[in-house]
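Got the viewer open? Keep the selection panel handy, and we'll go from stop to stop through the model.

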Amino acid sequence: MTWKILNILLRSPKRHPPQAAKFNNHVNFPNMYTLDEIDEKAKSAAIKTSCWVFVLIILLPVLLPLFMFLMGADIYLFPFEEKAKGYLYSIMPHTFIAAFFAATGSYIITSYQTKKKLEEENEQEENEKREEHYRRMEELLEKMSKDK
């Protein structure tokens, strides 16, 4: 219990502000992400997705016949232990290969999509700030021209 509380306290954003807010030039842009943050978020999202894909592809060939057997379907995979082992041994190499390629593909796709989404958010935020700056400068020029 005390470890959980200590972990929560150490992760508190009030005690430890993000490094990006202190040391980069985006202090005025709190919603923008640094390149390191984009890479980090893309990797974490890609790892989560690829792990889920790997686990689901591994479990699907095992759990589907088991579910069918438990629901009363006439399949002859699990009445005897040897048939169940034979089934599992026959599908596991193909399942692992398919799971590996699917997880790798989902890692690449999710990483790319997350990076693209965060870069688009950065670009949109930058455009909004630029337009706001241009608007302020135009107002300032108008005010200066009226003063002359």
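Before the first selection, one working rule: a salt bridge here is a side-chain nitrogen of Lys or Arg within 4 Å of a carboxyl oxygen of Asp or Glu. With that in hand, select Arg 136 and Glu 132, whose side chains meet in a salt bridge with 2.5 Å from N to O. Both residues belong to helix H4 and sit 4 residues apart, about one turn of the helix. Glu 132 is partly exposed because its relative accessibility is 28%, and the partly exposed class runs between 20% and 50%. Keep in mind throughout that this is a predicted model.

**Zoom out**

Colour by secondary structure. The protein chain shows 4 helices and 0 strands, so from the N terminus the order reads simply α-α-α-α. Buried residues account for 18% of the chain's 148 residues. Switch on a surface if you like: the chain exposes about 12,400 Å², with carbon and sulfur atoms supplying 63% of that. As for contacts, take those with a separation of 6 or more: 71% of them are between residues 24 or more positions apart.

**More salt bridges**

How many salt bridges does a search of the whole structure find? It finds 4, and you have already seen one of them, Arg 136 with Glu 132. As a reminder of the chemistry, side chains of opposite charge can pair when their charged atoms come close.

Next, pick Arg 130 and Glu 126. Their side chains also meet in a salt bridge, at 2.9 Å from N to O. About one helical turn separates Arg 130 from Glu 126, because they are 4 residues apart in helix H4. Check the surface around the pair: Arg 130 has 34% relative accessibility, so it counts as partly exposed. Glu 126, at 37%, falls in the partly exposed class too.

Now select Asp 39 and Lys 115. This salt bridge has its closest N and O atoms 3.5 Å apart. The pair links distant parts of the chain, with Asp 39 in helix H3, Lys 115 in helix H4, and their positions 76 residues apart. Asp 39 is partly exposed, at a relative accessible area of 32%, and Lys 115 is partly exposed as well, at 31%.

**Two serines on H4**

Stay on helix H4 and select Ser 111, which has its place there. Is Ser 111 buried or exposed? Its relative accessibility is 13%, so it counts as buried; the cut-off for buried is under 20%. Show its neighbours, skipping those within four places in sequence, and you'll find Ser 111 in contact with Ala 42 and Ala 46.

Then move along to Ser 106, also in helix H4. Ser 106 counts as buried because its relative accessibility is 12%. Which residues does Ser 106 touch, not counting residues up to four places away in sequence? They are Thr 49, Ser 50 and Val 53. While you're here, draw a distance to the backbone oxygen of Ala 103: a polar atom of the Ser 106 side chain lies 2.9 Å from it.

**A tyrosine for contrast**

Click on Tyr 112, again in helix H4. At 55% relative accessibility, Tyr 112 counts as exposed, whereas Ser 111 is buried. Put a distance between C-alpha atoms here: Tyr 112 and Ala 46 are separated by 8.7 Å, although they are 66 residues apart along the chain.

**Last stop: the nonpolar patch**

Select Phe 54, Val 55, Leu 59, Leu 63, Leu 66, Leu 70, Phe 96, Ile 97, Phe 100 and Phe 101, and show them as a surface. Together they form a nonpolar patch with about 950 Å² of accessible area. Which elements give two or more residues to the patch? They are helix H3, spanning 35-70, and helix H4, spanning 81-147. H3 gives the most, with 6 residues.

For a single residue to finish on, click Leu 66, found in helix H3. Its relative accessible area is 32%, so Leu 66 is partly exposed. That value also qualifies Leu 66 for a patch, because patches are made of residues with over 30% relative accessible area and no salt bridge.

Definitions and conventions. Residues numbered from 1 in each chain as written. Predicted model: local features only at pLDDT ≥ 70, side-chain atom pairs only at ≥ 80, totals over all residues. Heavy atoms only, no water. Patch = residues over 30% accessible without salt bridge, like charges linked within 9 Å, V, L, I, M, F, W, Y side chains within 5 Å. Areas by Shrake-Rupley, 256 points an atom, 1.4 Å probe, with all protein chains shown as cover. Buried < 20%, exposed > 50% of the residue type's maximum accessible area, 1.4 Å probe, protein only. Contact = heavy atoms within 4.5 Å. Polar contact = N/O pair within 3.5 Å; in protein donor to acceptor, adjacent residues only side chain to side chain.
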